[in-house]
Amino acid sequence: MALRFGLTLAQKAGCNRLIVNSDNTKVIDTMKNGGQSAGAATAVFDDCYFMACEFTITRFEHCNREANKVAHEIARLAKFSATRDWFKEPMVDIVSLLIDDVTVISN
C-alpha cells in the first residue's frame with residue numbers, strides 16, 4: 001500500500017521519471033517481475049504495476065532501511081494518518097528526517 005500511495009503522490013506531483021527505493025525485497029522483486037504476485041496482495045501489485053507503466057521511466061531498487069528513513073517512517077505513519085493532507089506540506093513527524101537527508105546530501 002505504501003508503494004501505491006507513493007506512485008499516486010508522484011502522479012499528483014507531475015513526475016514522469018521515478019526511481020522507487022524500498023527496503024522490502026519482495027516488493028522490489030515483484031515489481032521488477034511485472035507485478036506478478038500470488039497471494040492476498042496480487043490486486044495491489046497489479047495496480048502498482050499499471051500505475052508505474054504510466055511514467056516515462058520507472059526503476060525499482062532495493063535499499064537498506066538506514067538509507068531510506070523518510071520513506072520507512074511515511075509507510076509506518078500511513079497506517080494511522082489521513083494521507084490526503086501530506087501533499088501540501090511535510091508532516092511534523094518526518095521533518096527532522098528530511099533535514100537529516102538534506103544535511104547528508106549537502107555534505
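Start by selecting Gly 14, just after helix α1, where phi is positive at about 80°. Keep in mind as you go that you are looking at a predicted model.

**Stop 1: helix α1**

Step back from that glycine and colour residues 2-12, which make up α1. Show the side chains of Leu 3, Phe 5, Leu 7 and Ala 10: these are buried.

**Stop 2: Phe 55**

Two of those residues lead to the next stop. Select Phe 55, in the loop between α3 (42-53) and β2. Phe 55 touches Leu 7 and Ala 10, along with Gln 11, Cys 15, Asn 16 and Leu 18, when residues up to four places away in sequence are not counted. Is Phe 55 buried or exposed? Its relative accessible area is 7%, under the 20% cut-off, so Phe 55 counts as buried.

Now draw a distance from Phe 55 to Arg 17, C-alpha to C-alpha. The two are 38 residues apart in sequence, yet the distance in space is 6.1 Å.

**Stop 3: strand β1 and its partner**

Arg 17 opens strand β1, residues 17-22. Show every side chain of the strand and turn it slowly. Which side chains point to the buried face? They are Leu 18, Val 20 and Ser 22, while Arg 17, Ile 19 and Asn 21 point to the other face and are not buried.

Next, add strand β2, residues 57-62. The two strands pair in the parallel sense, over six bridges. To see one place where they meet, pick Val 20 and look across to Phe 60 in β2, which stands opposite.

**Stop 4: Ser 22**

Stay in strand β1 and select Ser 22. With a relative accessibility of 14%, Ser 22 is counted as buried. Beyond its neighbours within four places in sequence, the contacts of Ser 22 are Ile 28, Glu 61, His 62, Cys 63 and Asn 68. Try another C-alpha to C-alpha distance here: Ser 22 and Asn 64 are 42 residues apart in sequence and 7.5 Å apart in space.

Then look at the side chain of Ser 22 up close. One of its polar atoms lies 3.0 Å from the backbone nitrogen of Asn 24.

**Stop 5: helix α2**

Asn 24 also takes you into the next helix. Asn 24 caps the N-terminal end of α2, with a side-chain oxygen 3.0 Å from the backbone nitrogen of Lys 26.

Select residues 25-32, the span of α2. Its buried residues are Val 27, Ile 28, Thr 30 and Met 31. Now look straight down the helix axis: the buried residues of α2 fall within an arc of 165°, so they line one face of the helix. The general geometry helps here: an α-helix has 3.6 residues a turn, so residues three or four places apart point the same way. What do the buried residues of α2 pack against? Show α1, β1, α3 and β2 to see their partners.

Pause on Thr 30, a member of α2. Thr 30 has a relative accessible area of 8% and is buried. Setting aside neighbours within four places in sequence, Thr 30 is in contact with Gly 35, Gln 36, Ser 37 and Phe 45. Just past the helix, find Gly 34, another residue with a positive phi, near 80°.

**Stop 6: the cores**

Return to Phe 60. Apart from neighbours within four places in sequence, Phe 60 is in contact with Leu 3, Val 20, Ile 28, Met 31, Lys 32 and Ala 52. The largest nonpolar core has 14 residues, and those touching the most other members are Leu 3, Leu 7, Leu 18, Met 31 and Phe 60. At least two residues of this core come from each of α1, β1, α2 and α3. The biggest contribution is from α3, with four residues.

A second, separate core has five residues; among them are Leu 77, Met 91, Ile 94 and Leu 97.

**Last stop: two cysteines**

Finish by selecting Cys 15 and Cys 48. Cys 15 is partly exposed, with a relative accessible area of 35%, whereas Cys 48 is buried, at 1%. How many disulfides does the structure hold? There are zero.

Conventions
Residues are numbered from 1 along each chain as its sequence is written. This is a predicted model: local features need pLDDT of at least 70, side-chain atom pairs count only at pLDDT 80 or more; totals for chains, interfaces and linings use all residues. Side-chain values use heavy atoms; hydrogens and water are left out. Buried means under 20% relative accessible area, exposed over 50%, partly exposed in between (1.4 Å probe, protein chains only). Two strands pair if DSSP finds at least two bridges between them. A disulfide is a pair of cysteine sulfur atoms within 2.5 Å. Contact means heavy atoms within 4.5 Å. A polar contact is a pair of N or O atoms within 3.5 Å; within protein, one must be able to donate a hydrogen and the other to accept it, and residues adjacent in sequence count only if both atoms are side-chain atoms. A nonpolar core is a set of buried Ala, Val, Leu, Ile, Met, Phe, Trp, Tyr and Cys residues joined through side-chain atoms within 4.5 Å. The arc is that of the directions from the helix axis to the C-beta atoms.
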